[in-house]
Each structure stands twice: as structure tokens, then as C-alpha cells.
Amino acid sequence: MLVVFRLLVCKCIAGELRILISQIGQTMRSFAKVKWWKLTRLLRSGFKGKYDFPYKIALLILGATILGASIIGCISYHSVRLMIVENLERNALLEVKQRGNKIDRWIGTKKAELEFLANTPAVRSMNWYVAGPYLKSEVKRLQEFQHFALIDPDGSYFTTKVGRALINVSDRQHFKKAMAGEVYVSDPTISRTLKKQTIVPISAPVRSNSANYRDKTAQKPIGVINGVISMDRIAEVVGKLEYEAGTYAFVLNSQGVPIVHPDARLIGNIDKPAPSLLESADTNLANVAREMVYQKTGILRTTINEAKVYVAYLPLEQAEWSIALVIPSHNLEKELIPLNILAAAAAILLAAAIFAAIAALILFAKNGIRTRTEALLHRLTGRIRAGLRLDRILQTTLEELGTFLELDRAIFGWYDPRQDTVEFCWEYCRKGLSGRLGIFGAMGGPSGDLAARLQRCETILLNKISAPDAATPQQPVHLELANSSYAAVPVLTQTNRLGYLFAIANRRFANPDEVEVLEAIADLLAIAISKSQLQGQIQDELKLLEEVLAQLRRTEEHLLQSEKMTVVGQLAAGIAQEIYNPINFIYGRLIHVNDYIKDLLELIRLYSEEYPEPIPEIAQKIEIFDLDFISEDLPQIFNSLKTGTDSIRQIVVALRKISLPEQANKERANIHESIDSILLLLAHRLEPKILLVKEYNNLPAVLCYPGQLIQVCLNIFNNVIDAVNSIENSEPIITIKTDIVEHFSGRFIAVSIAHNGRRIPPEIQQRIFDPFGPTKSMKNFTGLGLSVCYKIIVELHGGHLTVQSPIQSQIEFQTGGGAEFIIKLPIV
């Protein structure tokens, strides 16, 4: 009690000293940041003349000495103060633990008393007429229990107050816990027997008489005994925890709801819920409640209801509660009064000297920084005007900035707001430090708040999240940005891409002068980056323009070729028409000539038989003309003429089919005749060494544009012949197959044209049907006209055109390559 009295006496003195020290500190900071320029005016004349340099050295030494003494004094004060406060906190927590253990033992005693009653024969009989008188006597003996209840497994029960109750408690948590075999102290609730009275039920399981009462797992309980303690009695026991004036105690349940508290408005129970302190608007109170709900033990200095307090808290072992004692801070900190008086006196004595040293140092630093900053900015401006590469400008600037401000690191990075990450792209680091380039994200803190935290210069731990280099150990890399030791200045470019200029030092950093230097450099870097991005955009536009021009040239060449082919087709159609009529005339007259020759030869034969001995003149002519040879050779010559004329006629017919104008509507066509017509026209390219294999199946006439279909087959055959002519040491083979195939969308006529030439690379296969696709990517393969073929088959006929290379078919080509073009036309 004497210690308590001393603490109460020193209460006001401690508060006044804290206010005095705080005001002194605020005055020093205000002078250093705002009023220093007044001293520079007074001291400016003293820095001129021949004593300028020695005076500066002496002033620096004096300032450093005073500053060192101040730092040592502050460290000593805080160390001693921390030791005293920690000792006081330990003593207070120990006192709370001792008193809290008394409450725990009291609750444990009540649980033991109830468990003892549960194991008595009268209670274990579960017969109220036997147990009732016994429990009523126990209520008188154990006066802290208001009444007892004997509860059946279905939740119905008898009480010592009213006998058989008309309500059921099977929904109560204490009943469920007891039926599970646990002696349980419930949260406060409103009694269903004693209306409007708040109670704390304690329940224990009751086992049968045949079970061993020491074996709690012998069998399932046959009932529950419940003892009721008044909430006023709990509050009275908790109130004994208060040991000094101004202190108060409160109890929270497992949800953070107060069940004992000086403020009755905050108290809640099971039947009358109250807001949890975890959701309190007072964040400090919510933090204390969170520690208590987590069943932690400790003491915390905080502010509750605008009052500085210490809160000592610990969990109870006998109930799912936590108890806390709130002690006003001045009750514990009274012993700091002598220390605070000593610190205030030292601060007052050193204040004037510190002010003078700060003013002089700021003056010297400001002049030097201004000169060197102007030189740095001038060099940076020169690099931008010279049009140097952006990476060189950034790297050189970071190196000069790091040397100028004596930094540990100077980093430039891009901020990604979607991922809330920053990518360090250029860096200067002091000798002996490892690089930190890569993509980093903040560990902890709300997502999407990295930019705001950088603006506030909070302490941030950045974690490298980009994939590490294979040559480096697979370990995470961290970069700590400590408060007051770094500055992050935003660099906003014209593309609205946000960059950051980081300056990190192993000292107190980011004073207004240093931040001003960083902002000036950041503005110039923004100009350099914008200029570089503009140049990059110009280069991209030029490159795109070149590509467009190249594509236009290819389009022009293609159009010229198409126009040329159109003219050639028109000429071929005219020539074919001109040849077609004479050839038909000759072909038709050859039939009559054949008959006439047969008749003449027959007449000569009959004449020879009738006049075997001609006159000498005729015999001489027969011998000169070699009539027998003529009789044998003339039919053969005529057959050759007929064969040649027929070939010319077929070629002209095929040429007319290809060159005649396309009809507006589709018509039925024989696919085999179209293929044979094309092969006839390409006979000059099918050299004797090329083996042509035909595997035709019976096909119906297909509804198509015949001329377009012939153009597709002609283009594919030209590409196939070019491919087989490129192979060496192998017999070139072209295989043509036709068949009817089933597809999920219907029945199709399939035409397969395969060869054993060189395979088509996968990168060309992906673009083989694109307009202006690969024309120079592979030797002896042009892909000429395949985009037109694809358009005709897919868009005009609703079919499919695919290519497969190498071939996976029944024929094994020796080259191991080859390709197969498959045309599918719908059967309509």
C-alpha cells in the first residue's frame, strides 16, 4: 500500500514532465526544418575570410561532439527507461497472474464439487425422487450454487427450485458438452427456470452405477448434473483482481464478448448477445481483445478511451474465458519521474548548442549540394540532348547519384499496378553489395497499396518473385526499404507508365534537400524516357511502314501475275477454240479416209488374185512402189495419224475446260475426268522417271464449279511435281487416291494427292495456305497458288483442304518425308 501511495503522489509530476520533454523535441524539430535560415543570415558573414576553412572544421567538430553526446544521452535515457518499464510490467503481470490463478482455482473448485456430486450414488441413479432431496441439502451446504438440476439425455430436467421443469435444454452448449463427457463451464446465459436472471451454468456428465466413476470413457453418460452460479457472484470474484485505485478488470468469452465489465452496456450473454470487442471502433481495444481471444498471456501499453493504460491479460484454464486488468499508465510509470527530470535538464542544456550545430551543418551542406546538384543536372541534360541510349543515360545517372549522395543503392524501376509489383531494371550499388535487379513484390500489407506505402516511406520488405537465374542458387532474394532510410520519387512518363527512382542509404535519409535533388533528377529522367519512347514509337512506325510497303509490292506482283495469267488464259481459250474446229474436221474425215483406204486395198487384193500376171509396165510400178510394203504400212500410218489427232483433240478439250469462263451456277462434274485432263496437260512434266499411281474408286458426280476445281488440282499437281523433282537417289512416286469418306457433318468425296519428295517443315505447314505465305522459306517449294486453292475449296465449295507432312500412310517412302494434300468435297 505504501508503494501505491507513492505512485499516486507522483502521478501529476510525471505527466507534466512528459509534456515538457515532448514540447522540447517538437521545438527542436521545428527549428531544424523551418527556422534554420534565420541562423544562416546571422552566420553568413562569419564564413568569409582567411579563417573560413578552419572555422568550418571547428564548427563541424563541435557539432559532431554535441550530436554524439545527445545521441548517447538519448540512447542511455531510452535504455534505462526501457529497463525500468520492463521491470514494472513484469511485476504488474506477475501480480495479475497470482490473482488470476486464484480465480482459476475458485472455478476449478466449483467444477470439482459438481463432478463429485455427479459420481454420488444418488445422482447416478438418475431418479429425482432419490437425487432431489440429496441435491437440495447440497445447495444449503455449497452456498455458492443457487440450485442444481438433473437433466435426462433428451434435455428434460428437474431442478431443486421448481422440481420438474416444463422446458428443454437439449440445445444448450453446456448440456451438449456434458453429454460428450466433459465438465464444462458455460458462458453466461439467462436462466429458463429463474426468468430474467443471468447465471453461469456448470455441467458434468452422470454415468450409470455399473460404470467405474474413475473411468470417464467407460460408457456414454446417462444424464447431466447442472449447477448454477449467479453472475453477480462471478463479478464479485473478478472484482477482487483490482488492487489499485483507477484499475478495473473485465472478462471476455471465446468470441470476445464481455461477460464481466464495469460498463454494463458492453456485457452480453448467450441469450442476449452483445457486440464483440473484436469489432470495436477502438482499434487498440480490438487488438487487446484479439490477444485475449487467442488465449495469450502478456501486458500491453495502449490507449483505451483516450487514456494511456497498461492492460495485463491471461487466459483461464478452467473456462473458455480470458481475464484482463486495466491499469492507468501513470500508476506504473511514477518511478520514471527522477529519470525524466534528469533527461529534461540535459535536453535544455544541450538545446542551444544543438541548434547552432544543426544550422551550420545545414548551411554548409546546402551550399555544397546546390553546386554539385547543378553540375549533375547539367551533365544529365547534356546526355539527353546528345541523344544517348536510354540505358546508358539511366545507368550513368544512377552511378553519379549514388556517389553524390553517398547511397548504398540507387535503383530505377517500373511499377505494375495490376500485379502491385515493381521491376528493378537499372541499379547502382555500393561496393560489396549484391545486385537486386528483377521483379519484386511487397511482403505483407494490403494488396494494391505498394505505391501508397512508397509515398508514405513506410518500412517495406520487398520479395523477389521473378523466376531466378538458373546459374544462381534457388533462394528468395529480399530488399528491405527501412523507414527514414530511403526515398522513392515517382517518374511519370508521357505514356502514363509509372516509374520510380529509389535512393537507399544506410543512414537517416530523405531530408527536404535530398528529396529536392531526387525530384529534379526524376523530372529530367522522365524527359529522357519520354524521348526514348517517342523514338522507339517512330522506329516501330517506320518498321511497320516498311512491312506494309513490302506487302503492297508482293500484292502488286501477285495482281500482275494474276492479270498475266488471265490474259494467257484468254489467249489459250481463243487458240483452243481455233484449233478445236479443224481438229474435229480432220478427226471426222479420218474415219472416211480409213474406209476408203480399206476399200482400195481390198480392190488391189482382188485385182491381184484375178490377174496374177500383170502387164510389164504395171509389174514394174508394183516393184518400184513396193506395193506389199505399202499395203502393210499404210494402215499403221493411218492408225498413228488417228492416235495423234485424238491426242491433240483431247488436249484441246482439256485446255478448253480450263480456259473457258466459269459458269455462274454449280454443275455436276466427274472428278476423275477432271484429274485425267490435268494429267494430260502436265504429261510433259511427268518425266518417265516419275511413277504415277492411280487408285480410283467409284464416285458420284460432284456438284461444283468445274473450272475452279481444275485450277485447284492443277496448282497442287504443279507443287507436287516440283517436290518430287527435288529428291535424289530415290524413285519419285505420285499417288492419287479417290474415295467416299464419312464426316460428322456429312459424306464427302476425298481426293488424296501424295508424293515422296521432301517433307514440308512444320513452320511452313502452319502458314502454307496464307496469302503471301512462305515462298522463299524452303528450297524447291513455292506453295504457289495454295492460298487460292484453299479459298476455292473451303469458301466456294464448303469443303476441306489439308496437308500432312511427313506422310503416315500405308506406303513407306524411302525418303522418310513426303507430303499429302487431301481435298474433301461435300456430296450434295
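The legends below describe close-up views of one predicted protein chain. Residues are numbered from 1 along each chain as its sequence is written, and side-chain values use heavy atoms, with hydrogens and water left out. Because the model is predicted, local features need pLDDT of at least 70 and side-chain atom pairs count only at pLDDT 80 or more, while totals for chains, interfaces and linings use all residues.

**View 1. The whole chain, with its 19 helices and 26 strands.** Helices (H or I, at least four residues) and strands (E, at least two) are DSSP runs, numbered from the N terminus. Of the 828 residues in the chain, 40% are buried, where buried means under 20% relative accessible area, exposed means over 50%, and partly exposed lies in between (1.4 Å probe, protein chains only). The chain exposes about 47100 Å², and carbon and sulfur atoms supply 56% of this area; accessible areas come from the Shrake-Rupley method with a 1.4 Å probe, and for residues only the protein chains shown count as cover.

**View 2. The salt bridge between K110 and E144.** A salt bridge is a side-chain nitrogen of Lys or Arg within 4 Å of a carboxyl oxygen of Asp or Glu, and by this rule the count comes to 13. In the pair formed by K110 and E144, the closest N and O atoms are 2.7 Å apart. The pair links distant parts of the chain, since K110 lies in helix α3 (residues 52-118) and E144 in the loop between α5 (128-141) and β1 (145-151), 34 residues apart. K110 is buried, because its relative accessible area is 7%, whereas E144, at 23%, counts as partly exposed. Together with E113, K110 and E144 are linked in a network of salt bridges.

**View 3. The salt bridge between E427 and R409.** Here the closest N and O atoms are 2.8 Å apart. E427 lies in strand β14 (residues 421-429) and R409 in strand β13 (residues 409-416), so the pair ties together parts that are 18 residues apart in sequence. Both E427 and R409 are buried.

**View 4. Helix α13, with a salt bridge and a nonpolar patch.** The side chains of E609 and R605 meet in a salt bridge with an N to O distance of 2.7 Å, and both residues lie in helix α13, four residues apart, about one turn of the helix. E609 is exposed, with a relative accessible area of 52%, while R605 is partly exposed at 37%. L534 also lies in helix α13 (residues 512-610), and L534 counts as partly exposed because its relative accessibility is 47%. A nonpolar surface patch of about 690 Å² is made by L534, I538, L542, L544, L545, V548, L549 and L552. Patches are made of residues with over 30% relative accessible area and no salt bridge, like charges being joined within 9 Å and nonpolar side chains (Val, Leu, Ile, Met, Phe, Trp, Tyr) within 5 Å.

**View 5. The surroundings of D739 in strand β23 (residues 733-743).** D739 is partly exposed, with a relative accessible area of 38%. Leaving aside its neighbours within four places in sequence, D739 is in contact (heavy atoms within 4.5 Å) with N697, L699, F748, I749 and A750. The C-alpha atoms of D739 and E695 are separated by 8.8 Å, although these residues are 44 apart along the chain.
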